[in-house]
Amino acid sequence: MDDLILATTNQGKFKEIKELLAGQFTSFHSLLDFKNGYEVVEDQPSYAENAWKKARKIGDRFNIDTLADDSGLEVDALNGRPGIYSSRYGKTDAERIDRLLAELDGVEEQNRGAVFKAYLAFYMPVEGRGYFFYGSIRGCIGRERKGRGGFGFDPVFFIPELGKSMAELTVEEKNRISHRGRALAAFSHFLKRGLQAPPNR
Ligand code: IMP
């Protein structure tokens, strides 16, 4: 087993990823473990390219296997916005949610559908190779916040089948169904079995 750098400063993402990959790496490092200056600018035109840029830069800098996540929320009624700009939709999680609720003000229940997408890039600097893993989950945007778990848009992202917001789930419950959890399950399977299709596909 080896070390893994998770190329993020987002504590919520770090917690979820560490939880799901526990036991598969000796230790996990986030960018918060290093001195300032290692945050990579997300200026690429797609999630996958942003994730790849982060994984490459950090992996090459430290010469350690690196996993980067780029994710976002795409809202049907906003033609897929905020999408790759999700983290720049406001300065704080609270501001981002307020803006989203304001933009959806007056939008009917049936038109509040949304999808969370996560792209993971795994880069191995010694081998000079990388792999991508993808996951998504559909839900809908509520009219007010519910729950205190998770991060980002979780308090207003509802999963109709569960009758709960993503912020009402424990980390384990969220990881079982979320976009990031699904991408991580594919990554975890890849670590154990290599590039075979998972058994349930
Ligand atoms: P990134 O750092 O560019 O990947 O930003 C992702 C942004 O998308 C976050 O700041 C959140 O606003 C949103 N986001 C991504 N994944 C999640 C999630 O699991 N829950 C809630 N919001 C998320």
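Reader: How far is an oxygen atom of the ligand from an N or O atom in the side chain of E42?

Author: This is a predicted model, where local features need pLDDT of at least 70, side-chain atom pairs count only at pLDDT 80 or more, and totals for chains, interfaces and linings use all residues. Residues are numbered from 1 along each chain as its sequence is written, and side-chain values use heavy atoms, without hydrogens and water. For E42 and the ligand oxygen, the separation is 2.6 Å.

Reader: Which residue places a polar side-chain atom 2.7 Å from a nitrogen atom of the ligand?

Author: F153 also lies 3.1 Å from a nitrogen atom of the ligand, but through a backbone N or O atom. The side-chain atom at 2.7 Å belongs to D154.

Reader: How much of the ligand's accessible area does the protein cover?

Author: On its own, the ligand has 490 Å² of accessible area (Shrake-Rupley method, 1.4 Å probe). The part of this area covered by the protein is 95%.

Reader: Which strands stand at the edges of the sheet?

Author: The open sheet has 7 strands (DSSP runs of E, at least two residues), in the order β2-β1-β3-β4-β5-β6-β7 with mixed pairing (at least two DSSP bridges between strands). An edge strand has a single partner, so one of its sides is left without a neighbour in the sheet. The two edge strands are β2 and β7 (164-165).

Reader: How many of the 12 residues of β4 are buried?

Author: β4 (113-124) pairs with β3 in the antiparallel sense over 10 bridges, with S71 opposite A118. β4 is also joined to β5 by 12 antiparallel bridges, and G113 has C140 as its bridge partner. β4 is largely enclosed by the rest of the structure, because the number of its residues that are buried (under 20% relative accessible area) is 10.

Reader: Which residue takes a positive phi near 65° in the hairpin of β4 and β5?

Author: This hairpin has 4 residues between its strands. The residue with the positive phi is G128.

Reader: What is the bridge partner of I141 in β6?

Author: β5 (residues 129-141) and β6 (residues 157-159) run antiparallel, joined by 2 bridges. The partner of I141 is F157.

Reader: Which residues is L32 in contact with, leaving aside its neighbours within four places in sequence?

Author: L32 lies in the loop between β2 (27-30) and α2 (47-62). Its relative accessible area is 46%, so L32 is partly exposed (from 20% to 50%). Leaving aside those neighbours, its contacts (heavy atoms within 4.5 Å) are T8, T9 and Q11.

Methods: Buried < 20%, exposed > 50% of the residue type's maximum accessible area, 1.4 Å probe, protein only. Axes fitted to C-alpha atoms, helices over the stretch in contact; angles between N-to-C directions. Polar contact = N/O pair within 3.5 Å; in protein donor to acceptor, adjacent residues only side chain to side chain.
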